[in-house]
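Biologist: I would like a close look at one part of this model, with the reasoning spelled out slowly enough for a first-year student to follow. Please begin with that part and then connect it to the rest of the chain.

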Amino acid sequence: MYIYDSVKKKKLPFEPIVPRKASIYVCGPTVYDDAHLGHARSSLSFDLLVRTLKALRYDVTMVKNFTDIDDKIIKKVQETGQSLEEITTHYIERYLEDMRALGVQENDIEPKATESLEAMESMIQNLIDKDIAYVVNSGDVYFDTSKDTNYGSISHQVGSDENNQSRVEHNSQKRNPKDFALWKACNGDDDICFDTAFSRGRPGWHIECSAMIEKHFEGSDEYSIDIHGGGADLLFPHHENEASQSRCATGHELAKYWMHNGFVNINGEKMSKSLGNSFFVKDALKVYDGEVLRNYLISVHYRNDFNFNEEDLLNSKKRLDKLYRVKKRIVPTKASKPNKKFQKSVMEAMSDDLNISVALALVEEMISDANDKLDSNPKDKGLKKETLANIEFLDELLGFGGKEPFSYFQIGIDEETKSKIESLIEQRSEAKKAKDYQKSDTIRDEITAMGISLMDTSDGTLWEKI
RNA sequence: GGCGACAUCGCCAAGUGGUAAGGCCGCAGCCUGCAAAGCUGCUAUCCCCAGUUCGAAUCUGGGUGUCGCCUCCA
């Protein structure tokens, strides 16, 4: 397995801390709203990583957190009058529901910030004791970035303060402009706060990940985990700060490898809350099946930006259609073993920093080859069994192709419409038998107008939703 | 102002020194009553300039363009 490390900026062989084991932590969502396509893309990127590592027989531990205490959530509490728990529970459920629809495998541990307060408190206290963190008058606790000589080694983004015209707010209580809050003191009666030795308040954004990693992974003398992942926008400052506080608290580096997925763009612009062009997963799922959406969102390499548009989505749906069409030709049958060469080359592609494009090209080749052979020998049992096994292998590794093929082409068609289609097809077959082609074509036009495409085969007339 | 990424056929997209994968679209053909599906064939020299090299889309330097991070963000 080769992984592109976005800190070292090169592709490296994956050599885990403990041989054959892979410990992964990915930054999850702040749960104050529904999941958008960016969340989906991130989840899918790391889902492919986990599936690939599992296929390579690694013992994977995947941890992904929920940030369930934060300014935006508190704002929502104040606006809606609902409790923090009501809001976060709702959006966590919604998030998991959407990710399930996209075929994202369950994570091993999904810790919540509110359930990790002790771990955070002890890490902050540790940093205060070492005089790396400091408490200011308000009760806020800041991390002194000047105490970490390696600060900046993650994002490579520390300029001198003079020529740094960043938009970081000026806060006179900070010792250095780059210092960040580990703990925010309670801010009024309607704030949501927790008691600690240093002040009543709530955690800053970065500390939860560091604390959870220490809580849930054993680590080694050199690293806490193998892989730390997240969206590209988290590299700075979030991951820089996480790495720094962990380094200072534990005396070793946080992660051996860092992976960052690219953005989802809408019309060439980053999709973001502030631009108001967010696209919720639930809205996309109203129009497209989860598997179609998944197949589309994984079709571009995880590090590239992803330009979401309907035309490309339909293009990728056509590729999935082809897979299910060949599957229609081979069922019912029992799977044997996947083709060795096919399996090996797909694994090689995915082992190369998740090169999905090459993997999908191999899938096309496999489909084309199977169709070709079925054309000349439609009853080739061995081929059918192997092809089905190939598809089952793909379903396990890439997460698509697992549906029953006939129903795949009937998603979203109700029973009433189905029986109407069947009856029209019956009428058309009779017209055809009577060589009344004018009538049969009229019926086909009628069916086409319903959004259904017909295929006359030796096994009778098949239909698909267009 | 600081830091960084990317630029390959009409569109999407691989390729990281040895002479351009794959998909969509299009065209031609086979098959079909006609279609659809499937199959076969055809379609690029890689933003520009200079350099390194026997050889570069791939390395170096300089341009141009697009996007991102530095503020909550996947």
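How do α9 and α12 lie relative to each other?

Modeller: Please keep in mind from the start that this is a predicted model. Helix α9 covers residues 310–330, and its axis comes within 10 Å of the axis of α12, the two crossing at roughly 140°. An angle has to be over 145 degrees to count as roughly antiparallel, and it counts as roughly perpendicular from 65 to 115 degrees. The crossing at roughly 140° belongs to neither group, and α9 and α12 are therefore oblique to each other. The crossing of these two helices also has a hand, and it is left-handed. If you follow the side of α9 that meets α12, you will find Leu323, Val326, Lys327, Arg329 and Ile330, while α12 brings Lys384, Thr387, Leu388, Ile391 and Leu394 to the same meeting.

Helix α12 has another neighbour to consider, namely helix α11. Here α11 spans residues 356–376 and α12 spans residues 381–398, and their axes come within 11 Å of each other and cross at roughly 160°. This angle is past the cut-off of 145 degrees, and α11 and α12 are therefore roughly antiparallel to each other. The crossing of α11 and α12 is left-handed, as is the crossing of α9 and α12. Among the residues of α11 that take part in this contact are Ile356, Leu360, Val363 and Met366, and among those that α12 contributes are Leu383, Asn390 and Leu398. Lys384, Thr387, Ile391 and Leu394 of α12 appear in the contact with α11, and these four residues also appear in the contact with α9.

From the helices we can turn to a sheet. Four strands form an open sheet in the order β4-β3-β9-β10, and their pairing is parallel. At the edges stand β4, residues 59–64, and β10, residues 253–261; each has a single partner strand, so one side of each is left without a neighbour in the sheet. From one strand to the next the twist averages 25°. Standing at an edge of the sheet does not leave β10 bare, for this strand is mostly covered, with seven of its nine residues buried. The partner of β10 is strand β9, residues 223–231, and the two pair in the parallel sense over seven bridges, with glycine 231 having asparagine 261 of β10 as its bridge partner. Helix α5, residues 207–216, lies across β3, β9 and β10 and runs at about 140° to β9.

Near the start of the chain there is a hairpin made of β1 and β2. Strand β1 (residues 2–5) and strand β2 (residues 10–13) run antiparallel and are joined by four bridges, and lysine 11 in β2 is the bridge partner of tyrosine 4. Four residues lie between the two strands, and in this hairpin lysine 9 takes a positive phi near 60°. The side chains of β1 alternate, since Ile3 and Asp5 point to one face and are buried, whereas Tyr2 and Tyr4 point to the other face and are not.

The cysteines call for the same kind of careful reading. A disulfide is a covalent bond between the sulfur atoms of two cysteines. The count comes to one disulfide, and this link joins cysteine 186 to cysteine 193, with 2.0 Å from S to S. The link is right-handed, with 95° about the S-S bond. Cysteine 186 is partly exposed at a relative accessible area of 31%, whereas cysteine 193 counts as buried because its relative accessibility is 11%, and a residue has to be under 20% to be called buried. Cysteine 209 is buried too, with a relative accessible area of 2%, but the closest cysteine sulfur, in cysteine 27, is 3.9 Å from its own sulfur, which is too far for a bond.

Stepping back, we find 15 helices and 15 strands in chain A, and 50% of its 466 residues count as buried. The C-alpha trace of chain A spans about 95 × 50 × 40 Å along its principal axes.

Technical notes:
Residues numbered from 1 in each chain as written. Chains lettered and ligands numbered in written order. Predicted model: local features only at pLDDT ≥ 70, side-chain atom pairs only at ≥ 80, totals over all residues. Heavy atoms only, no water. Disulfide = S-S within 2.5 Å. Buried < 20%, exposed > 50% of the residue type's maximum accessible area, 1.4 Å probe, protein only. Pairing = 2+ DSSP bridges. Axes fitted to C-alpha atoms, helices over the stretch in contact; angles between N-to-C directions. Contact = heavy atoms within 4.5 Å. Parallel < 35°, antiparallel > 145°, perpendicular 65-115°, else oblique. Left-handed = near helix turned anticlockwise from the far one by under 90°.
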